[in-house]
Amino acid sequence: MATRVATQQKTDVQGQLDGKTAVITGAGRGIGKAIATAFARAGACSIFVVRDRELGEALAEEQRTQGYTADCGVADVTDASQISMLVLDLMQRHPVIDVLVNNAGIFLDADRHMRPSESDPLIMEETWNTNVLGVVRMCSAFIPHMPKGGRIINVSSTMGQLAGEPQARGPAYSTSKAALNMYTQMLAADLSDRNIMVDSFHPGWVKTDMGGPRATVEPEDAAKTALFLAARPHSTETGLFWKGTTPTEW
Ligand SMILES: NC(=O)c1ccc[n+]([C@@H]2O[C@H](COP(=O)([O-])OP(=O)(O)OC[C@H]3O[C@@H](n4cnc5c(N)ncnc54)[C@H](OP(=O)(O)O)[C@@H]3O)[C@@H](O)[C@H]2O)c1
């Protein structure tokens, strides 16, 4: 039965990313791992970018033993020199990167309990350094190696949504995702002449270390939106914030 389910899953997504090379940050666990795995199953060469090389190598090897194509790279997204080294390392084996998924992110415990009126600048700085500047560093480093028709997918959150009810908690995380959304829009406008589509999406409340055990969405289901955005045909409908396969309000 397990084999039949695995075969069925393989058939559903098979070939959607054939011939594509995808870089996914924060791919060692949680949503990033699920996205990198889903992309490999869809035919991409999936590059698991992690902070722990041993973990990245084990994850890529696990994919390869199952017949998929995968590689790994190492970088802390807060460190520009590590990202430069990552590019140099990957370019030797993958001169073109078709898809970049900026998934690595943090939501610090101190932030979860922090009131906006009592925001700690150090917590804000640490969070922004990963969730916003980490994405900026990755984009600036990889965009020169992306072809026409490339895709950039930013994992954001409705906590950064300006529409709707603001919450009186998590100011560092919420503002970081709001900034990420604006960066997504601006990058999409900038890269439209190269047909590079740039989108952000909300993955739902996902059962990961960040989301916790009470969350309602499995990482594998959250990864489906990333796959949809990576595999959809070229469209002028880009620079959008998605929930599932539907654009939503910023
Ligand atoms: N879970 C949810 O309910 C939810 C909801 C909305 C949005 N999101 C977003 O989804 C993304 C993934 O979240 P998740 O739930 O999978 O979180 P997670 O389980 O806590 O995993 C976070 C990932 O980010 C990596 N990471 C953190 N800081 C990094 C850095 N400086 N450099 C490189 N990698 C770093 C971690 O790597 P290490 O293993 O090395 O620490 C880990 O792989 C985040 O952007 C998050 O904001 C999550």
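A polar contact is taken here as a pair of N or O atoms within 3.5 Å. In the model, which is predicted, an oxygen atom of the ligand lies 3.5 Å from a polar backbone atom of Gly204. Two further pairs involve ligand oxygen atoms. One is formed with Arg29, where an N or O atom of the side chain is 2.7 Å from an oxygen atom of the ligand. The other is formed with Val206, through a backbone N or O atom that is 2.7 Å from an oxygen atom of the ligand. The ligand is surrounded by 27 residues, of which Arg29, Asn103, Tyr173, Val206 and Thr208 come nearest.

The strands of the model were examined next. An open sheet is formed by 8 strands in the order E3-E2-E1-E4-E5-E6-E7-E8, with mixed pairing. Its edges are strand E3 (69–74) and strand E8 (246–248), each of which pairs on one side only. From one strand to the next, the twist averages 25 degrees. In general, the strands of a sheet pair through backbone hydrogen bonds, in either a parallel or an antiparallel arrangement.

Several of the pairings can be described individually. Strand E1 (residues 21–25) and strand E2 (residues 45–50) run parallel and are joined by 5 bridges, with Thr25 standing opposite Val49 in E2. Strands E2 and E3 also run parallel, joined by 6 bridges. Here Ile47 has Asp71 in E3 as its bridge partner. The connection from E2 to E3 includes helix H3, and the three elements make a right-handed β-α-β unit. Helix H3 (residues 53–65) lies across E2 and E3 and runs at about 175 degrees to E3.

Strand E5 has pairing partners in E4 and E6. With strand E4 (residues 99–102), E5 pairs in the parallel sense over 4 bridges, and Val101 stands opposite Ile153 in E5. Strand E6 (residues 197–202) runs parallel to E5 and is joined to E5 by 5 bridges; in this pairing Asn154 stands opposite Ser200 in E6. A right-handed β-α-β unit is made by E5, helix H8 (residues 171–191) and E6.

Strand E5 itself (residues 151–155) is mostly covered, with 5 of its 5 residues buried. In a regular strand the side chains alternate between the two faces of the sheet. In E5, Arg151, Ile153 and Val155 point one way, whereas Ile152 and Asn154 point the other way, and all are buried.

Ile153, located in strand E5, was considered in more detail. Its relative accessible area is 1%, so Ile153 is classed as buried. With neighbours within four places in sequence left aside, the contacts of Ile153 are Val99, Leu100, Val101, Asn102, Asp199, Phe201, Ala226, Leu229 and Ala230. One of these, Ala226, is 73 residues from Ile153 in sequence, while the C-alpha to C-alpha separation is 7.0 Å.

Two buried residues with polar side-chain contacts were also considered. Ser157 lies in the loop between E5 and H8. Ser157 is counted as buried because its relative accessible area of 5% falls under the 20% cut-off. The side chain of Ser157 reaches the backbone nitrogen of Met159 at 2.9 Å. Outside the neighbours within four places in sequence, Ser157 is in contact with Tyr173, Lys177, Phe201, His202 and Phe241. Among these, Tyr173 is also one of the residues that come nearest to the ligand, and Phe201 is also in contact with Ile153.

Thr127 is found in helix H6 (residues 121–131). Thr127 has a relative accessibility of 0% and therefore counts as buried. A polar contact of its side chain is made to the backbone oxygen of Ile123, at 2.8 Å. When neighbours within four places in sequence are left aside, Thr127 is in contact with Ile106, Leu108, Val132, Ala172, Tyr173 and Ser176. Tyr173 thus appears in the contacts of Thr127 as well as in those of Ser157.

Notes: Residues numbered from 1 in each chain as written. Predicted model: local features only at pLDDT ≥ 70, side-chain atom pairs only at ≥ 80, totals over all residues. Heavy atoms only, no water. Buried < 20%, exposed > 50% of the residue type's maximum accessible area, 1.4 Å probe, protein only. Helix = DSSP H or I, 4+ residues; strand = E, 2+ residues; numbered from the N terminus. Pairing = 2+ DSSP bridges. Right-handed = clockwise from strand over helix to strand, strands pointing away. Axes fitted to C-alpha atoms, helices over the stretch in contact; angles between N-to-C directions. Contact = heavy atoms within 4.5 Å. Near = heavy atom within 4 Å. Polar contact = N/O pair within 3.5 Å; in protein donor to acceptor, adjacent residues only side chain to side chain.
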